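The exercises below are to be worked with the sequence and the 3D view open. Each task is followed by a solution in steps.

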Amino acid sequence: PPPVGFHMGYNQQQPHPGQPVMYHPGYGGPMPGPRYGAPQMGPSPGYGGPMPGPEYGAPNSGPPAAISPAPAAVVPVGVPPGLEYLTQIDQILIHQKVELLEAFIGFETNNQYEIKNSLGQKIYKAKEKNDCCTRNCCGALRSFDMKIKDNMDREVIRLIRPFRCASCWCPCCLQELEVQAPPGTTIGYVSQDWNPCVPKFSIKGANKETVMKLEGPCFACNCCGDVNFKLTGKDGGKPIGRISKQWSGLIKEVFTDTDNFGIQFPMDLDVKMKAVLMGTCFLIDFMFFEKVGNTKQRNTVFS
């Protein structure tokens, strides 16, 4: 019963037998369901229950006005699949993983790398692929196919290095690396330029047109310091980036094959050229800093 002194606003007399009970809109009691066969009525204005669903066969009125559909993902035009993240960064860190078998007995294994952003978050992983005989007989000059995969284990870049001479005194057989993204589609090349004193490279597009130049120091050896390779435009001039071999400490440099590299490039650089620079870093690692057996190889341009 309602409390004393509270006016409900409707006739509180008991209904006659068979007479339906009429509820006031403001009353807090449960709303009775419609009688069987009676037409379906909408809820009272003051009732807080859910709205009834549409009748079967009624036309669909669409989603509620308060819920908007999710916008479609924007994919940059001309960017190979898996390289979208490279459009947002201007630095890459490459860390070579420690191979215990190689560190203790000198048996050459496939190199593995982790590719990270400036915050140390892994964005790609790379692994060399070739046979045991090639690795242990050809050393740092060995040919390889390197697969670069994203965090979902999808191959997004492939690097192909043929067997070439490492000496600048043989200009007819200098180093070259092909970069594919996605695998099977060539997006660029890295070619060693002949120079008797300084290591130089040309960063080229898919048609082997020169896009940028890379130049290193006369002696590519990091004795207690970093080794920087300067990146410039195709005509030289002011540096626009660099590839750095970072000093990892005396123990790691002497006894292990763990090399750390940093790549810097303009933010608005073509994403394909960013991938080619990534391949350039691996080629530099094999040419100048790769470990052969138990001896750390310190190549110069005269070797």
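**Exercise 1.** Which residue in S2 does Ile94 stand opposite?

Solution. The model used here is a predicted one. Begin with the two strands: S1 covers residues 91–96, and S1 pairs with S2 in the antiparallel sense over four bridges. Within this pairing, Ile94 stands opposite Ile115 in S2. A further pair is Gln96, which stands opposite Tyr113 in S2. Then turn to strand S3 (residues 122–129), which pairs with S2 in the antiparallel sense over five bridges. Here Ile115 stands opposite Tyr124 in S3. Last, look at the link: S2 and S3 form a hairpin with five residues between them, and Gly120 in the turn has a positive phi of about 85°.

**Exercise 2.** Sort the residues of strand S2 by face, covered or uncovered.

Solution. Start from a general rule: in a regular strand, side chains alternate between the two faces of the sheet. Now apply it to residues 112–116. Tyr113 and Ile115 make up the covered face of S2, while Gln112, Glu114 and Lys116 make up the uncovered one. As a check on Tyr113, its relative accessibility is 2%, and the cut-off for buried is under 20%, so Tyr113 counts as buried.

**Exercise 3.** Place the strands in the overall fold, and state how they pair.

Solution. The strands form a closed barrel of 12, running S1-S2-S3-S4-S5-S6-S7-S8-S9-S10-S11-S12, with antiparallel pairing. From one strand to the next, the twist averages 20°.

**Exercise 4.** Describe the aromatic pair of Tyr113 and Phe282.

Solution. The structure holds five aromatic pairs. In the pair of Tyr113 and Phe282, the centres are 4.7 Å apart and the planes stand at 70°, which makes the pair edge-to-face because the cut-off for that class is over 60 degrees. Next, locate the partners: Tyr113 is in strand S2 and Phe282 in helix H4 (residues 271–288), 169 residues apart. Phe282 has a relative accessible area of 1%, so Phe282 is buried.

**Exercise 5.** Treat Phe229 and Phe288 in the same manner: how are their rings arranged?

Solution. The ring centres are 6.0 Å apart and the planes lie at 40°, so this pair is tilted. Phe229 belongs to strand S10 and Phe288 to helix H4, so the pair ties together parts 59 residues apart in sequence. With a relative accessible area of 1%, Phe229 is buried; Phe288, at 3%, is buried as well. Finally, Phe229, Phe261, Phe288 and Phe289 form one aromatic cluster, and the charged end of Lys245 sits over the ring of Phe289, 5.5 Å from its centre.

How values were computed. Residues numbered from 1 in each chain as written. Predicted model: local features only at pLDDT ≥ 70, side-chain atom pairs only at ≥ 80, totals over all residues. Heavy atoms only, no water. Buried < 20%, exposed > 50% of the residue type's maximum accessible area, 1.4 Å probe, protein only. Pairing = 2+ DSSP bridges. Axes fitted to C-alpha atoms, helices over the stretch in contact; angles between N-to-C directions. Phe/Tyr/Trp six-rings, centres within 6.5 Å; stacked < 30°, edge-to-face > 60°. Lys NZ or Arg CZ within 6 Å of the ring centre and 35° of its normal.
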